[in-house]
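Biologist: Could you take a close look at one part of this protein for me, and walk me through what sits around it? Keep it informal, please.

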Amino acid sequence: MGAKGWAGGILKFLMFQSVYLPQSQEDFDFFYFVVQWPGAYCDTKSSCCYPTSGKPAADFGIHGLWPNYNSSSWPSNCDPDSKFDRSQIEDLLSSMKKNWPTLSCPSNEGFKFWKHEWEKHGTCAESVMDQHEYFEAALKLKDKANLLQTLTNAEINPDDGFYDLKKITKAIKDGIGFTPGLQCNKDRERNDQLYQIYICVDTSGTEFIECPVLPKGGKCPSKLQFAKF
Ligand code: AMP
């Protein structure tokens with residue numbers, strides 16, 4: 001076969017591959033799975049509104065599942081044609097209301113928050129999961145992480161007490177096997193409170209991994225408050 005023949009063969013193979021074989025190439029490096037302590041969200045100056053279904057349980061709520069790059073930047077709003085479609089997650093709604101509660105004002109059911117998360121972050125993971133799989137993956141990760149139980153087992157309770165950053169980090173590491181990123185915010189009295197926990201997840205959205213990079217903003221001091229809710 002001459003050079004032209006080879007080139008033609010390779011071209012045909014590439015065309016076949018791109019049309020018929022699933023593409024495993026993801027366009028991001030890992031996920032941040034981010035959960036939030038509602039007490040810290042609500043204690044800030046800007047306050048919060050409970051969802052229409054009532055005050056959420058005193059538990060971590062999901063904030064999002066965010067595709068990220070190893071360089072620490074991230075893609076966002078990747079597919080303007082892929083709109084949030086509530087009919088695709090009908091079967092997940094009761095679990096979403098419990099585990100992914102909205103706290104923004106005015107009080108609402110949560111669709112606005114979930115729409116934002118899908119359109120900003122979820123659409124950047126469409127190479128590995130569709131809308132139903134995206135929300136389901138986050139719900140499963142929350143169960144798997146079992147963070148509140150892990151912390152209370154280590155006698156770290158949401159009781160307005162102040163705890164060592166190192167102790168919180170270690171308890172979570174002992175529980176899930178990997179070091180989390182912790183983010184703090186300030187309440188109205190300017191106390192630093194545990195606000196969000198970042199756990200890194202592989203591109204399948206199922207396995208916890210060591211974080212390639214930890215989140216930069218909202219660093220916690222060596223002692224921080226675990227607010228009541
Ligand atoms: P993101 O753009 O995914 O980084 O999320 C930030 C946006 O989500 C901001 O507009 C926040 O006010 C909003 N947000 C964060 N937590 C909640 C929550 N529990 N309920 C409603 N909105 C939230």
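Modeller: Some vocabulary to start: buried means under 20% relative accessible area, exposed over 50%, and partly exposed in between, using a 1.4 Å probe and protein chains only. Helices (H or I, at least four residues) and strands (E, at least two) are DSSP runs, numbered from the N terminus. This is a predicted model, where local features need pLDDT of at least 70 and side-chain atom pairs count only at pLDDT 80 or more, while totals for chains, interfaces and linings use all residues. Residues are numbered from 1 along each chain as its sequence is written, and side-chain values use heavy atoms, with hydrogens and water left out.

Let's zoom in on helix H4, which covers residues 111–120. Its buried residues are Phe111, Phe113, Trp114, Glu117, Trp118 and Glu119. An α-helix has 3.6 residues a turn, so residues three or four places apart point the same way. What do the buried residues of H4 pack against? Their partners are strand S2 (61–68), helix H3 (93–99) and helix H5 (131–145), with contact meaning heavy atoms within 4.5 Å.

Now for the setting. The protein chain has 7 helices and 6 strands, and in sequence order they run α-β-α-β-α-α-α-α-β-α-β-β-β. Of the 229 residues in the chain, 44% are buried. Take the contacts between residues at least 6 apart in sequence: 75% of them join residues at least 24 apart. As for the outside, the chain's accessible surface (Shrake-Rupley method, 1.4 Å probe; for residues, only the protein chains shown count as cover) is about 12100 Å², and carbon and sulfur atoms account for 54% of it.
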